[in-house]
Amino acid sequence: MSFLAIEHLTKSYGSNQVVQRFDLDVKAGEFVTFLGPSGCGKTTTLRMIAGFETATSGAIRIAGRDVTHLPPNARDVGMVFQNYALFPNMTAAGNVAFGLKVAKKRAADIKARVAEMLDLVKLPGLADRYPYQMSGGQQQRVALARALATSPKLLLLDEPLSALDAKVRVALRDELKALQRDLGITTVFVTHDQEEALSMSDRIVVMSEGRIEQLGTPFEIYNRPRTRFVASFIGTLNIIEAKVVDARAGAIRIGGQDARVGRQVSVADGADCTVALRPEAVSLQDPGDGCNRIGGTIQDVSFLGAVVRIKVGVGQARIMLDRFNSPGLPPPSPGERVTLHFSPDDLVPLDAA
Amino acid sequence: MKRPRFGAWLAFAVGVAYFAIPLIGTVEFSLRIRRGTYSLDAYGNVLSDPAFWNTFGFSASAAVATIVAGTLLVVPTAYWIRLRLPGLRPYVEFITLMPLIIPAIVLVFGYLRLYNSSSWLPMTGAPWSTDVLMVAGYVVLALPYLYRAVDTGMRSIDVRSLTEAAESLGAARSTILFRVIFPNVRTAVLSGAFLTFAIVIGEFTLASLLDRPAFGPYLQLVGANRAYEPSALAFIAFAVTWACMGLIQLFARDPAARSVKV
Ligand SMILES: Nc1ncnc2c1ncn2[C@@H]1O[C@H](COP(=O)(O)OP(=O)(O)OP(=O)(O)O)[C@@H](O)[C@H]1O
Ligand SMILES: [Mg+2]
């Protein structure tokens with residue numbers, strides 16, 4: 001039973017289709033993130049859910065109600081903006097009270113609710129401050145309290161942390177996630193920061209050029225990227241050109257050496273294919289049976305502090321691997337011959353395109 | 001260092017002299033109603049004339065009506081253009097500048113032709129409807145100042161985000177306009193309002209040709225028939241204008257204005 005249902009949603013500006021056949025089901029209480037590069041249509045999709053843009057075609061349902069053609073003020077949706085968008089003429093308390101006043105709640109109830117919300121976002125002392133008297137992080141907390149005060153069915157956040165500096169961003173990110181979990185409010189979050197997406201979401205929608213590239217849990221998206229785009233957008237990754245030997249058995253050749261893929265390859269025998277491999281999945285030590293073993297020559301070693309990143313040439317291909325730094329083990333030097341070990345399951349064949 | 005500073009001071013002195021000398025002359029003349037000695041008799045004569053108070057009251061009421069009508073016309077228009085029709089902005093700006101190019105006399109002749117007592121809408125038929133017509137004319141004359149002031153005020157707030165934030169909190173258009181937009185452009189509206197007040201108080205053409213008992217025609221009447229009182233009146237009119245300017249400065253410094261800038 002999905003709480004937010006989006007069906008075949010499209011949006012065009014003139015002949016430019018910026019959102020194409022977008023389908024998504026969000027369960028009640030779920031935290032879903034739209035992740036993608038700039039201009040891929042994340043904001044546009046979110047604004048259609050909020051009602052600020054009209055869908056060119058398709059349908060949006062919130063809690064079973066078709067809201068596709070409802071104005072934003074009838075959708076019962078809370079929204080948090082990148083630039084906070086607090087009302088400059090009102091105090092923090094005034095901002096939080098705005099939605100409650102519009103809903104014609106009793107004055108005593110409003111007062112209690114405002115105090116409760118400011119407590120929730122950890123700003124109980126700042127009720128009488130105007131937006132210009134608060135820091136960015138404080139303003140965004142007020143904006144969050146304001147959006148939640150009316151108990152909306154759905155919370156929408158468009159890059160709410162992007163305008164903040166790094167420390168505040170991480171702190172507020174964790175608080176936001178904790179708050180969302182406690183309140184159990186269904187949330188759609190937009191970001192182009194993969195770390196935010198991976199750390200906060202129940203599920204991630206990776207978007208590119210107005211389409212959904214992949215939909216899955218952070219674990220799936222990170223470890224089993226389905227397309228080359230997703231693989232390269234999320235984290236650092238080896239993208240390796242290989243040749244298929246036996247598609248059904250998952251046998252391929254990398255730089256002239258045999259390797260196995262943990263599942264079927266959907267490419268004909270003898271054809272070229274692309275596989276992805278996370279640097280942290282590759283090891284120089286032999287972990288035991290069943291793993292792929294490939295010999296190569298070290299080309300480059302970079303010391304990054306906690307990890308050492310080693311680049312190894314395997315025939316034409318180049319494979320990066322990460323090893324934890326250990327004071328008793330000096331990094332290898334370029335030119336050394338090494339054997340790379342990795343599990344067949346970590347070798348992920350990518351769809352063409 | 002010395003020469004440019006001297007030049008700047010000279011320019012300043014010339015500027016001050018240009019404005020101050022006629023004014024000082026006027027004031028000095030207004031004090032000479034009694035032979036051989038200075039006195040405030042001219043001011044006494046003016047202030048004790050009931051026609052002064054009647055016409056001044058009439059014009060002040062007209063100014064207030066103009067400000068209310070003008071604000072209710074201009075704020076929603078400027079808001080809507082910023083929010084939904086940004087493409088129309090150059091055209092609206094041009095239209096609001098028209099009153100600076102077209103003389104008031106043309107406007108009033110147009111009105112008289114359109115709305116005379118034998119026309120389809122005889123606005124000049126009764127005093128109250130003539131007043132309505134006159135205020136409408138004043139709104140037109142005040143447009144360049146009001147629109148510019150309000151539009152500048154709206155530039156300093158993010159009209160679009162604020163509107164969307166209010167909408168997502170359930171607010172209807174009128175609530176957004178009166179609870180969010182108006183308070184945030186209050187300073188701008190006020191400065192436009194005081195300029196409007198200054199314009200309407202001394203306006204002559206419209207009031208005279210529509211034959212309304214306003215302050216402008218009274219100034220002219222006194223000027224044509226008396227010697228010293230017109231100078232006193234001119235100075236009083238000046239003082240009123242200055243008071244308006246002072247009020248603009250005062251309200252521009254109010255705390256809401258600072259919050260708008262952030
Ligand atoms: N009003 C508009 N008119 C025409 N094109 C638009 C309009 N709004 C957005 N677009 C286009 O739609 C595409 C998607 O924009 P959108 O704002 O949704 O991107 P985004 O994924 O949110 O990017 P970012 O990460 O930079 O915020 C962009 O190519 C943009 O140029
Ligand atoms: Mg965006």
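**Exercise 1. What percentage of the 262 residues of chain B count as buried?**

The model is predicted: local features need pLDDT of at least 70, side-chain atom pairs count only at pLDDT 80 or more, and totals for chains, interfaces and linings use all residues. Residues are numbered from 1 along each chain as its sequence is written, chains are lettered from A and ligands numbered from 1 in the order in which they are written, and side-chain values use heavy atoms, with hydrogens and water left out.

Step 1. Fix the term. Buried means under 20% relative accessible area, exposed over 50%, and partly exposed in between, with a 1.4 Å probe and protein chains only.

Step 2. Apply the term. In chain B, 42% of the 262 residues count as buried.

**Exercise 2. Describe the build of chain B.**

Step 1. Count elements. Helices (H or I, at least four residues) and strands (E, at least two) are DSSP runs, numbered from the N terminus. Chain B has 13 helices and zero strands.

Step 2. Take the extent. The C-alpha trace of chain B spans about 75 × 70 × 30 Å along its principal axes.

Step 3. Look at contacts (heavy atoms within 4.5 Å). Among contacts in chain B with a separation of 6 or more, 74% come from residues 24 or more positions apart.

Step 4. Turn to the record. An unreviewed UniProt entry gives chain B the feature "transmembrane region" at several spans, including residues 51–79 and 91–112. UniProt positions use the numbering used here, feature names are shortened, and annotations may be inferred rather than shown by experiment.

Step 5. Check two spans. Residues 51–79 of chain B are 100% helix and 0% strand, with end C-alpha atoms 41 Å apart. Residues 91–112 of chain B are 91% helix and 0% strand, and their end C-alpha atoms are 27 Å apart.

**Exercise 3. Show how helix α2 of chain A is packed.**

Step 1. Locate the helix. α2(A) covers residues 92–102, and ten of its eleven residues are buried.

Step 2. Name some. Among the buried residues are N95(A), F98(A) and L100(A).

Step 3. Find the partners. The buried residues of α2(A) pack against α3 (107–120) and α4 (136–149) of chain A, and against α7 (159–168) and α8 (173–184) of chain B.

Step 4. Look past the end. K104(A) follows α2(A) and has a positive phi, near 60 degrees.

**Exercise 4. Describe the largest cavity.**

Step 1. Fix the term. A cavity is a set of points, on a 1 Å grid over the protein atoms alone, where a 1.4 Å probe fits but cannot get out; lining residues have an atom within 4 Å of a point. Grid points are joined across faces, edges and corners, and a volume is the space filled by probe spheres set on the points.

Step 2. Count and size. There are two cavities of 30 Å³ or more. The largest has a volume of about 50 Å³.

Step 3. Read the lining. It includes V80(A), Q140(A) and L144(A). α4 and α5 (166–183) of chain A each supply at least two residues.

Step 4. Sort by class. Ala, Val, Leu, Ile, Met, Phe, Trp, Tyr, Cys and Pro count as nonpolar, Asp, Glu, Lys and Arg as charged, and the others, Gly among them, as polar. The lining of the largest cavity has seven nonpolar, one polar and no charged residues.

**Exercise 5. Why does P327(A) count as exposed?**

Step 1. Place the residue. P327(A) sits in the loop between β17 (317–324) and β18 (337–342) of chain A.

Step 2. Give the reason. P327(A) counts as exposed because its relative accessibility is 87%.

Terms used: On a 1 Å grid over the protein atoms alone, a cavity is a set of points where a 1.4 Å probe fits but cannot get out, and a pocket is an open set with protein on both sides within 12 Å along at least five of seven lines; lining residues have an atom within 4 Å of a point.
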